[in-house]
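Student: Please pick one part of this structure and go through it closely. Add enough of the surroundings for me to place that part in the chain.

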Amino acid sequence: MTQTHATKQVVNLPTAPLGLDAWRAAVTSAVAPLEIRATDGVPFQGHLHQTVVGEVSLFEMVATPHIVRRTHELIAARECRYYKLSLQLAGRGVLEQDGRTAHLLPGDLAIYDTHRPYTLRFPEPHQSIVMVFPRDLVDLPPDEVSRVTATRFPSDAGLGRVINPFFVELGRNMDQLADGHAARLVRCALDLLVTMLSQQLQQRHETQGESARNLAHETRAYILDHLGDEDLSPAEIARANYISLRHLYTIFSPEGQTVSAWIRSRRLEHIRRDLVDPLFVDRPVSWVAGRWGLHDAAHFSRIFKAEFGESPSAYRRRHTDRRLLAS
């Protein structure tokens with residue numbers, strides 16, 4: 001069967017073209033230090049448009065052939081750790097990371113990690129959307145995501161038939177992401193991404209006969225499905241998944257985080273999202289926390305401030321004020 005891909009003509013964005021030095025400076029200041037060089041003797045020119053929604057940045061890029069490298073020397077030990085999601089709109093791209101190579105055609109998606117070396121090659125003029133977001137926004141452990149970096153997710157197979165077009169339209173309508181519902185739209189995009197990655201991971205575990213990894217995947221999925229249960233505990237999780245407590249602790253030991261700590265971090269991340277969600281703007285902070293299983297207001301406020309450096313009310317107020325100023 002002949003494969004088909006979403007297509008989009010390369011068009012210049014409504015900005016003056018950037019030369020290589022200006023492009024390198026713009027991308028480095030917005031994301032992370034990168035090595036960038038032109039190829040094939042073609043003078044570099046590129047158009048770059050950025051939209052920021054909370055902690056997520058979206059970039060629409062149109063550029064001549066070039067190579068991007070993130071090397072060990074450019075990776076700082078204490079810098080914030082991000083994932084990048086690349087959506088190819090026109091032209092071809094080649095992504096290399098973790099011993100894998102993804103050849104990206106229009107409509108294809110791929111994810112990569114800024115805290116490990118990678119190379120991106122664009123052998124011809126191209127247009128792409130890149131979404132950059134903290135790793136904490138993904139409900140999957142980093143060691144699992146590392147198994148699907150530099151993996152091509154095509155638009156004509158599996159969940160890509162549904163999910164990739166969503167990202168294409170998101171990229172085409174970046175100018176619509178300035179209102180109060182932008183955060184929810186981006187959150188939906190990240191949830192779709194996690195769904196796609198989870199399916200790919202499960203298929204690999206089953207194909208390779210990795211029963212231990214598959215059990216770990218299923219156990220975490222159970223936790224995420226029951227985050228709102230106040231009584232969720234290691235004992236309940238072990239019982240529901242027909243394993244011993246000791247086995248459950250073994251599953252989480254490679255992450256350097258206890259089961260309870262992982263539950264708490266996932267709850268706090270979901271609460272943080274909901275505090276700035278327009279659908280819940282009129283709901284009390286205590287209601288939002290209770291939605292994710294944290295009903296003790298004093299305890300919740302204390303752990304939220306310890307995690308994010310400010311109280312839940314201050315966090316909501318700051319983001320609400322920012323949204324009002326932008327409107």
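Tutor: The answer below starts with the whole chain, takes the open sheet as its main part, and then turns to the surroundings.

This is a predicted model, in which local features need pLDDT of at least 70 and side-chain atom pairs count only at pLDDT 80 or more, while totals for chains, interfaces and linings use all residues. Residues are numbered from 1 along each chain as its sequence is written, and side-chain values use heavy atoms, with hydrogens and water left out.

The protein chain holds eleven helices and ten strands; these are DSSP runs numbered from the N terminus, helices being H or I with at least four residues and strands E with at least two. Of its 327 residues, 50% are buried, where buried means under 20% relative accessible area, exposed over 50%, and partly exposed in between, using a 1.4 Å probe and protein chains only. The accessible surface comes to about 15,700 Å², and 53% of that belongs to carbon and sulfur atoms; such areas come from the Shrake-Rupley method with a 1.4 Å probe, and for residues only the protein chains shown count as cover. Among contacts between residues at least 6 apart in sequence, 72% join residues at least 24 apart, a contact being heavy atoms within 4.5 Å.

Now the sheet. The order of its five strands is β1-β4-β9-β6-β7, the sheet is open, and the pairing is antiparallel. Two strands pair if DSSP finds at least two bridges between them. At the edges stand β1 (35–38) and β7 (100–104), each with a single partner strand, so one side of each has no neighbour in the sheet. On average, neighbouring strands here are turned by 10° against each other, direction ignored; the axes are lines fitted to C-alpha atoms, for helices over the stretch in contact, and angles run from 0 to 180 degrees between N-to-C directions.

At the β7 edge, five bridges join β7 to strand β6 (residues 93–97), and the two run antiparallel. R100 in β7 is the bridge partner of Q97.

Strand β4 (residues 66–70) contains V68. V68 counts as buried because its relative accessibility is 8%. Not counting residues up to four places away in sequence, V68 touches L34, E35, I36, Y118, T119 and L120. L95 lies 27 residues from V68 along the chain, and their C-alpha atoms are separated by 9.5 Å.

For the surroundings, take strand β10 (residues 126–134), where S128 lies. S128 is buried, with a relative accessible area of 1%. Neighbours within four places aside, S128 is in contact with F59, E60, M61, L87, Q88 and L89.

Then the helices. In helix α7 (residues 245–252), the buried residues are L248, I251 and F252. Those residues lie on the same side of α7, because they cover an arc of only 90° around the axis, the arc being that of the directions from the helix axis to the C-beta atoms. Their cover includes α5 (211–225), α6 (234–240) and α8 (259–275).

Helix α8 also meets helix α10 (residues 297–308): their axes come within 11 Å and cross at roughly 90°. The two are therefore roughly perpendicular, the word for angles of 65 to 115 degrees; under 35 counts as roughly parallel, over 145 as roughly antiparallel, and the rest as oblique. R264, L268, E269, I271, R272 and L275 in α8 meet F300, I303, F304, E307 and F308 in α10.
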